[in-house]
Amino acid sequence: MSKIMFDTIEEVESYMLSIPKFGTVGRSAANFNLDRMKEFCETMGNPQERVPMIHVAGTNGKGTTCQMLASVYQEAGYRVGLYTSPHLVDVRERFRINGEWITDSYFLEFFQEYGEFILSRKVTFFELTTAIAFWYYERQDVDLAVIETGLGGRLDATNVIDPLVSVITSVGMDHTDILGDSIAKIAEEKAGIIKNNRPIVVGRLDKEAVSVINDIAEKKGANVHHATKLNPEYENDNFILHVESGKVSINAEGRKQIDAINVAVSWCVRELLQAEFEVSEASFIAGIEKMDSRIGYHAHFYKIHPVNKWYFDGAHNVESVIELIKELKRIAPPQKWRVILSFMDDKLRQEISNLWNEFPNLMIYQQEGDRAASVEKMKSYFPKAEVVTSEQAIQYFGAEDKKTELVIFSGSFYFYKTVRNWMGTEAYNHT
């Protein structure tokens, strides 16, 4: 391949910024066909075939589950690759090995090697990042890679792998314009990651989703393992799993109650891979408890300010908003919270606004990009909300008398970088 198209990391960064992203423009940035991704992998020599992988899909909980699994296997002494999306402040976040981001030198090397293919085939942003992950983890000789789907499963660019185990954390009504307008249709798309004779672990699903997944798994000879069999609970700021040897208790500080099922999913994966990738019970517990310190910032009820009780959560569909609001009410009643919301246009719907409108102290912020919901549209859903600009937010949250407020920022993962900068913290510091 040509070595002349990308001479510097600045040229690489400029090109990546120029590619339309799903978070900015929506489905026009995606390609729901695996042919080009398969061709890309073949051009690279199919590195994904030489790395043992875990494949994770789901409407909610997939990112958290991926991070849990990566931390657990790192704790057990393995060299673990973690590929997630979207990134919050820097594209390098998507590619981690034992918590560390990919370096500029590897980025540049990849583009110098495959620049001609990238340009001639006009690969999408997600196809490109997925290819980088496969190449990087094989080049770095990781023991195991945890791979998160971008959207759906069946036609997701990651679905060219043959993982040791597949995971579906949840099935809810999200991306209905792409995945289908019913739980059954969405479950079928997510079940597209099930592979012949490979086990599948599922989280808490409704009967309709379970039925669809069971049917597809049976046709493929894939055994289905239900994490609910562990009766995961949240008690006294601990997650409790009921396993064969008794109760397993894990500190749940900084986690939402809903994460109990994601812990159970992770335990089931551990059980299935125990012969090949041994993890002790102590390593599992420590891996879950150390997840935040290893991964750095995230968008799942993350305490975004080091001192103040200000949190960020990227909840953007009905199910995830319901769970987030349960968590907020557990801490304090709605009138005690200040809620700052920013949405993508396709995520703003009446059911979500009804949930948030019971909170009296609402603010709304318009993000940049064609996909962002306008102030006018958000105001129609939140008529009592105060509109805030970045300048006003920086001034507001810098005020001394606001530091004792309980604050939640939510509505979109893509809101994170803006909020991080409002806090006066260094957005690119991932430690």
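## Close-up views of a predicted model

**View 1. K122 sits in the loop between α5 and α6 (125–139).** This is a predicted model, and here we zoom in on a residue with an unusual backbone. K122 has a positive phi of about 50°, even though K122 is not a glycine. Is K122 buried or exposed? Its relative accessible area is 66%, and the cut-off for exposed is over 50%, so K122 is exposed.

**View 2. D141 is found in the loop between α6 and β5.** Here too the backbone is worth a look: phi is near 55°, a positive value in a residue that isn't glycine. With a relative accessibility of 61%, D141 counts as exposed.

**View 3. Helix α3 (residues 35–43) packs against helix α5 (residues 104–121).** Their axes lie 11 Å apart and make an angle of about 150°. Angles over 145 degrees count as roughly antiparallel, and therefore that is the label for α3 and α5. The crossing of α3 past α5 is right-handed. Which residues make the contact? From α3 come R36, E39, F40 and T43, and from α5 come F110, Y114, F117, I118 and R121. Sorted by class, the contact between α3 and α5 has five nonpolar residues, three charged ones and one polar one.

**View 4. Eight strands make up an open sheet with mixed pairing.** Reading across, the order is β4-β3-β2-β5-β1-β6-β7-β8. The edges are β4 (100–101) and β8 (224–226); each has a single partner strand, so one side of each has no neighbour in the sheet. Helix α9 (residues 207–219) lies across β6, β7 (200–202) and β8, and runs at about 150° to β8.

**View 5. Strand β1 (residues 53–57) is mostly covered, with five of its five residues buried.** In a regular strand, side chains alternate between the two faces of the sheet. So what does each face of β1 look like? On one side M53, H55 and A57 are buried, and on the other I54 and V56 are buried, so both faces are covered. Now for the neighbours. β1 pairs with strand β5 (residues 144–148) in the parallel sense over four bridges, and four bridges also join β1 to strand β6 (residues 165–168), again in parallel. V56 is a handy residue to follow across the sheet: its bridge partner in β5 is E148, and its bridge partner in β6 is V167.

**View 6. Strand β2 (residues 80–83) runs parallel to β5, joined by four bridges.** Look for G81, which stands opposite A145 in β5. Follow the chain on from β2 and you reach P86, in the loop between β2 and β3 (95–97). What kind of peptide bond joins S85 and P86? It is a cis bond, with omega about -5°.

**View 7. A second open sheet has six strands, also with mixed pairing.** The order here is β12-β13-β17-β14-β15-β16. At the edges are β12 (302–303) and β16 (386–387), each of which pairs on one side only. β12 and strand β13 (residues 310–313) run antiparallel and are joined by two bridges. To find the pairing by eye, start at K303, whose bridge partner in β13 is Y311. Helix α13 (residues 318–331) packs on the sheet, where it touches β13, β14 (337–341) and β17 (406–410). The direction of α13 makes about 175° with that of β17.

**View 8. H300 sits in the loop between α12 (291–295) and β12.** Despite the loop setting, its relative accessibility is 18%, so H300 counts as buried. What does H300 touch, leaving aside neighbours within four places in sequence? The list is G63, T64, Q67, G254, R255, F312, D313 and F413.

**View 9. A373 lies in the loop between β15 (362–364) and α15 (375–381).** A373 has 0% relative accessibility and so counts as buried. Not counting residues up to four places away in sequence, A373 is in contact with F343, M344, D345, L348, Q366 and M378. For a sense of scale, the C-alpha atoms of A373 and T149 are separated by 25 Å, with the two positions 224 residues apart along the chain.

Notes
Residues numbered from 1 in each chain as written. Predicted model: local features only at pLDDT ≥ 70, side-chain atom pairs only at ≥ 80, totals over all residues. Heavy atoms only, no water. Buried < 20%, exposed > 50% of the residue type's maximum accessible area, 1.4 Å probe, protein only. Pairing = 2+ DSSP bridges. Axes fitted to C-alpha atoms, helices over the stretch in contact; angles between N-to-C directions. Parallel < 35°, antiparallel > 145°, perpendicular 65-115°, else oblique. Left-handed = near helix turned anticlockwise from the far one by under 90°. Contact = heavy atoms within 4.5 Å. Nonpolar A, V, L, I, M, F, W, Y, C, P; charged D, E, K, R; others polar.
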